[in-house]
Amino acid sequence: MAAKFTSESRRRLALVIGIGDYENVRELKNPQNDAKALSSLLQRIRFTTADQQLDKTRILFYFAGHGVQWEDQNYLLPKDFPDMDAADAKEKAEF
């Protein structure tokens, strides 16, 4: 017999990331505050927001920071992403 899961029996996990202090691209003012506020809200509705969770099947993902689109794909930029405007053509090709 299959087990029945209720909203109370399922563990809710959220991965919340806020990056504003970029090293090589324009700094953003609000991502850390947005991430803290969302984490607080999610915890109030019984989500677990943790530094590291592995092998989970259901995760809410939230990202506040820079992103780019390239060839119909979207990418999130890490804190140390290089300044592509300052890079020359060879550096861009290598990247």
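## A tour of the predicted chain

The secondary structure of the protein chain amounts to two helices and five strands. What you have open is a predicted model. Colour the protein chain by secondary structure and follow it along the sequence: the pattern reads β-α-β-β-β-β-α.

**Stop one: the sheet.** Select strand 1, residues 12–18, then add strand 2, residues 47–49, and strand 3, residues 59–64. These three strands make an open sheet with the order 2-1-3, and their pairing is parallel. Strand 2 and strand 3 are at the edges and have a single partner strand each, so one side of each has no neighbour in the sheet. From one strand to the next, the twist averages 25°.

**Stop two: strands 1 and 3.** Keep strand 1 and strand 3 in view. How many bridges join strand 1 to strand 3? There are six, and the two strands run parallel. For one position in this pair, select Leu-13 and look across to strand 3, where Ile-59 stands opposite.

**Stop three: the helix on the sheet.** Now select helix 1, residues 31–44. Helix 1 packs on the sheet and touches strand 1, strand 2 and strand 3. The direction of helix 1 makes about 170° with that of strand 1.

**Last stop: the whole chain.** Show everything again and switch on the surface. The accessible surface of the protein chain is about 7,900 Å², and 49% of that belongs to carbon and sulfur atoms. The protein chain has 95 residues, of which 19% count as buried. Finally, consider contacts between residues at least 6 apart in sequence: 64% of them join residues at least 24 apart.

Technical notes. Residues numbered from 1 in each chain as written. Predicted model: local features only at pLDDT ≥ 70, side-chain atom pairs only at ≥ 80, totals over all residues. Heavy atoms only, no water. Pairing = 2+ DSSP bridges. Helix = DSSP H or I, 4+ residues; strand = E, 2+ residues; numbered from the N terminus. Axes fitted to C-alpha atoms, helices over the stretch in contact; angles between N-to-C directions. Contact = heavy atoms within 4.5 Å. Buried < 20%, exposed > 50% of the residue type's maximum accessible area, 1.4 Å probe, protein only. Areas by Shrake-Rupley, 256 points an atom, 1.4 Å probe, with all protein chains shown as cover.
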